[in-house]
Amino acid sequence: MELDNPARVLAGLFAAVVMVVGVFGLRKGLVVTGCGYGALLGWMLWVGVEESRRFFVGLDPELGRGFVERDYASMCDVSYGSVWESLDIFLLAHSVGYWAKMLILRDATTTLLISILFEHLEVTFQHTLPNFLECWWDHVFLDILLCNALGMLLGYVTLKAFKMELYPWWESSISSYSPRRFLQAMLGLAIMMVSELCLFFLKYALHHPPSHPFTLTRMAFWAWASGISYMDYHRYVSAGPKGSFPPLVAFCIVLCTLEVALVFRFLPLTLPPALITTPWLATLLLLALFIPIHYTLRLRPLSLIPLHASIAVLTLSFIAALPDVDLFGKDHISHLLHFY
């Protein structure tokens with residue numbers, strides 16, 4: 001290995017940071033697992049995707065045979081046969097996943113936002129990950145309104161049954177005119193979505209099937225780490241400006257950053273079509289307008305217009321970018337597949 005490669009030197013530094021941070025001030029149970037996982041991520045960033053694949057094939061030779069991702073966008077007509085063909089074990093995984101998210105975040109608004117926004121992220125990156133190509137009714141009805149909603153409902157019932165504390169991330173930030181709390185809630189939302197998005201990119205890059213123990217182990221680790229870190233993060237947010245940033249949350253952000261670095265190193269990522277990137281940029285601009293109008297000028301309810309407009313822009317772009325919705329007179333599936 002060449003030590004003069006900047007990417008590898010940076011990878012080594014990242015791995016060292018993970019190990020050093022893990023030694024100080026973190027809970028014992030998560031330290032050992034998190035540091036081991038961080039060291040593995042640093043090593044993979046160092047050696048690259050081919051060597052990483054060979055490493056996992058050495059642990060499980062079955063991975064060397066490859067697998068074919070299921071196609072969810074080949075039968076998009078609204079019929080009993082198409083819907084029945086789309087039903088599989090991953091619908092149950094959706095429900096279990098959002099049950100767990102509800103227990104971790106303890107807030108229906110935040111969990112619902114993740115449910116909706118992640119479907120938009122699937123549409124955004126469907127030109128890179130073929131598995132993200134789905135029919136419109138699969139995104140809207142099977143995922144958001146059925147499986148995700150059922151998981152959220154079961155999570156809420158579980159929270160009430162065990163009398164667990166709820167975390168009102170957004171209500172307090174909007175009503176108290178606190179830009180700090182709003183940005184903190186946005187950070188918590190972003191970390192959860194980026195971590196979940198990395199799961200799909202990494203299993204695709206490493207040729208790991210969704211049901212493989214390696215994939216399930218990573219999901220279990222992040223569920224465990226998130227349950228503890230979001231509890232610490234809520235205490236930090238509730239403490240106000242006098243609170244100190246939780247070391248476990250910082251540790252998880254480092255691990256998430258390592259995973260993002262792996263995605264960029266392993267995959268030749270390209271920008272989505274303008275039909276998708278333009279609305280995202282417009283949404284960020286509207287949110288940037290909302291913060292000073294709402295929190296500095298306090299022109300409520302006028303300040304909520306940019307927020308509602310950003311939701312409308314994302315919704316329209318989501319509909320327009322669906323592979324089986326032809327709003328602009330072109331075949332979206334063929335348009336997207338030329339990126340592969």
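These legends go with views of a predicted model, from the whole chain down to one helix pair.

**View 1. The protein chain is built from helices, with 14 helices and 0 strands.**
Let's start with the overall layout. Read from the N terminus, the elements follow the order α-α-α-α-α-α-α-α-α-α-α-α-α-α. The chain has 340 residues, and 45% of them count as buried.

**View 2. Contacts and surface of the protein chain.**
Among contacts with a separation of 6 or more, 73% join residues 24 or more positions apart. Turning to the outside, the accessible surface amounts to about 17,000 Å². Carbon and sulfur atoms supply 73% of that surface.

**View 3. Helix 6 packs against helix 13.**
Here we move in on one pair: helix 6 covers residues 108-124, and helix 13 covers residues 304-321. Their axes lie 10 Å apart and form an angle of about 45°. The two helices are therefore oblique to each other. As for handedness, the crossing of helix 6 with helix 13 is left-handed.

**View 4. A closer look at the residues where helix 6 meets helix 13.**
Which residues of helix 6 meet helix 13? Helix 6 brings Leu117, Glu119, His120 and Val123, while helix 13 offers Leu314, Ser317, Phe318 and Ala321. Sorted by character, the residues of this contact are 5 nonpolar, 2 polar and 1 charged. The nonpolar ones are Leu117, Val123, Leu314, Phe318 and Ala321. His120 and Ser317 count as polar, and Glu119 is the charged one.

Key:
Residues numbered from 1 in each chain as written. Predicted model: local features only at pLDDT ≥ 70, side-chain atom pairs only at ≥ 80, totals over all residues. Heavy atoms only, no water. Helix = DSSP H or I, 4+ residues; strand = E, 2+ residues; numbered from the N terminus. Buried < 20%, exposed > 50% of the residue type's maximum accessible area, 1.4 Å probe, protein only. Contact = heavy atoms within 4.5 Å. Areas by Shrake-Rupley, 256 points an atom, 1.4 Å probe, with all protein chains shown as cover. Axes fitted to C-alpha atoms, helices over the stretch in contact; angles between N-to-C directions. Parallel < 35°, antiparallel > 145°, perpendicular 65-115°, else oblique. Left-handed = near helix turned anticlockwise from the far one by under 90°.
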